[in-house]
Amino acid sequence: MANIRTLDMMFIDDIFEMGGGYVLNFSDRTLSLFFAEELNIDIDNPTYAKNGASKAKRLRCFLQTVDKTTVVRTLKTLWECREALRQRAGNVEKIENAYGRFLSLVNRIEGRPDSGPIAQTSPIHAFNRQTLAQIKADLLSISSLAPQPRGFAFEKLLKRLFDAYGLAAHHPFRLRGEQIDGSFQLASETYLVEAKWQNLPTGVADLHTFHGKIEQKAAWTRGLFVSNSGFTPDGLIAFGRGKRVICMDGLDLYDTLDREIPLNHVLERKVRRAAETGAPFIQVRELFP
């Protein structure tokens with residue numbers, strides 16, 4: 001059983017327009033067909049009507065009754081339907097950062113941390129904007145520091161961000177004179193981190209140097225290169241495709257925090273797009289339009 005908490009259910013009510021027993025634009029018949037055809041589920045089963053027979057009451061009961069995997073699969077399918085209907089009608093999104101908050105909801109249901117220690121120790125918070133807002137403010141303030149303390153502050157900020165999403169981050173470390181700016185785990189894979197905050201975009205030399213560090217480690221090691229100033233187009237072309245490195249720039253970090261998109265989803269989507277295209281750097285704005 002998923003045991004969805006009250007404030008999360010309120011958010012589900014909002015995004016799927018469940019007020020007054022309504023669910024998106026479904027009738028009783030089309031809701032039944034949708035669940036049968038898209039999810040192979042009988043939403044008309046009397047088990048889900050014990051709190052009332054309206055569409056919303058059946059859906060709420062269903063979500064509180066079934067296992068986590070089924071809840072997540074159902075919510076993702078409903079989200080796809082919601083977005084198709086909204087875009088077809090040309091309606092503007094009314095809920096602030098709806099998709100990022102929806103992905104954080106999925107994180108919580110799956111049992112993954114979504115926004116740091118406050119959210120983990122205070123379940124009443126359905127979505128902890130305070131933690132993300134503070135990291136975003138700190139990201140903006142780092143630019144006023146001198147180069148060396150700025151670099152150290154950037155590394156610490158990235159570790160806080162990884163920790164906030166349960167990615168088991170490690171501090172920077174040194175191996176036989178080789179500096180590694182940290183590491184984290186994503187989907188059972190270990191990623192080494194290169195973090196740069198400099199005035200000019202990162203070029204191919206730094207990318208190749210970091211990839212060389214990755215190649216000297218275990219075959220399953222991957223890399224994340226975070227360059228606040230971005231990457232030169234020529235450098236990315238010269239770096240080539242099919243590498244074991246994905247890239248983020250400062251705008252990616254800001255968009256991730258400002259739009260409240262869970263970092264694990266950002267990284268997973270970058271990894272998938274890199275696997276599909278071979279490109280190490282695809283902006284968050286393209287991955288989450």
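Two strands are taken to pair where DSSP finds at least two bridges between them. In the predicted model described here, strand S3 (residues 183-186) and strand S4 (residues 189-196) are joined by 4 bridges and run antiparallel. Leu186 has Glu189 of S4 as its bridge partner. The two strands form a hairpin with 2 residues between them, and Ala187 in this turn adopts a positive phi of about 50°.

Within S3 and S4, two residues illustrate the surroundings of the hairpin. Phe184 belongs to the largest nonpolar core, a set of 70 residues, where Phe16, Phe102 and Phe184 touch the most other members. Residues up to four places away in sequence being set aside, Phe184 touches Glu189, Thr190, Tyr191 and Val193, together with Phe162, Leu167, Ala168, Ala169, Leu224 and Leu267. A second core, separate from this one, comprises 12 residues, among them Leu192, Phe225, Cys247 and Phe281.

Ala195 is located in strand S4. Its relative accessible area is 13%, and Ala195 therefore counts as buried, the cut-off being under 20%. Apart from neighbours within four places in sequence, the contacts of Ala195 are with Phe154, Glu155, Leu158, Asp181 and Val226. Leu224, which is 29 residues from Ala195 in sequence, lies 8.4 Å from Ala195 in space, C-alpha to C-alpha. Leu224 is also one of the residues touched by Phe184.

Packing in another part of the chain is represented by helix H3, which covers residues 55-65. The buried residues of this helix are Lys55, Ala56, Arg58, Leu59, Cys61, Phe62 and Leu63. These residues pack against three helices, namely H1 (6-15), H2 (28-39) and H4 (68-89).

At the level of the whole protein chain, 13 helices and 6 strands are assigned. The C-alpha trace spans about 65 × 35 × 35 Å along its principal axes. The chain has 289 residues, 48% of which count as buried. Among contacts with a separation of 6 or more, 61% are made between residues 24 or more positions apart. The accessible surface amounts to about 14,300 Å², and carbon and sulfur atoms contribute 52% of this area. The chain carries 38 positive and 34 negative charges, and the mean positions of the two sets are 2 Å apart.

How values were computed:
Residues are numbered from 1 along each chain as its sequence is written. This is a predicted model: local features need pLDDT of at least 70, side-chain atom pairs count only at pLDDT 80 or more; totals for chains, interfaces and linings use all residues. Side-chain values use heavy atoms; hydrogens and water are left out. Buried means under 20% relative accessible area, exposed over 50%, partly exposed in between (1.4 Å probe, protein chains only). Contact means heavy atoms within 4.5 Å. Accessible areas come from the Shrake-Rupley method with a 1.4 Å probe; for residues, only the protein chains shown count as cover. Lys and Arg count as positive and Asp and Glu as negative; His and the chain ends are not counted. The place of a charge is taken as NZ of Lys, CZ of Arg, CG of Asp or CD of Glu. A nonpolar core is a set of buried Ala, Val, Leu, Ile, Met, Phe, Trp, Tyr and Cys residues joined through side-chain atoms within 4.5 Å.
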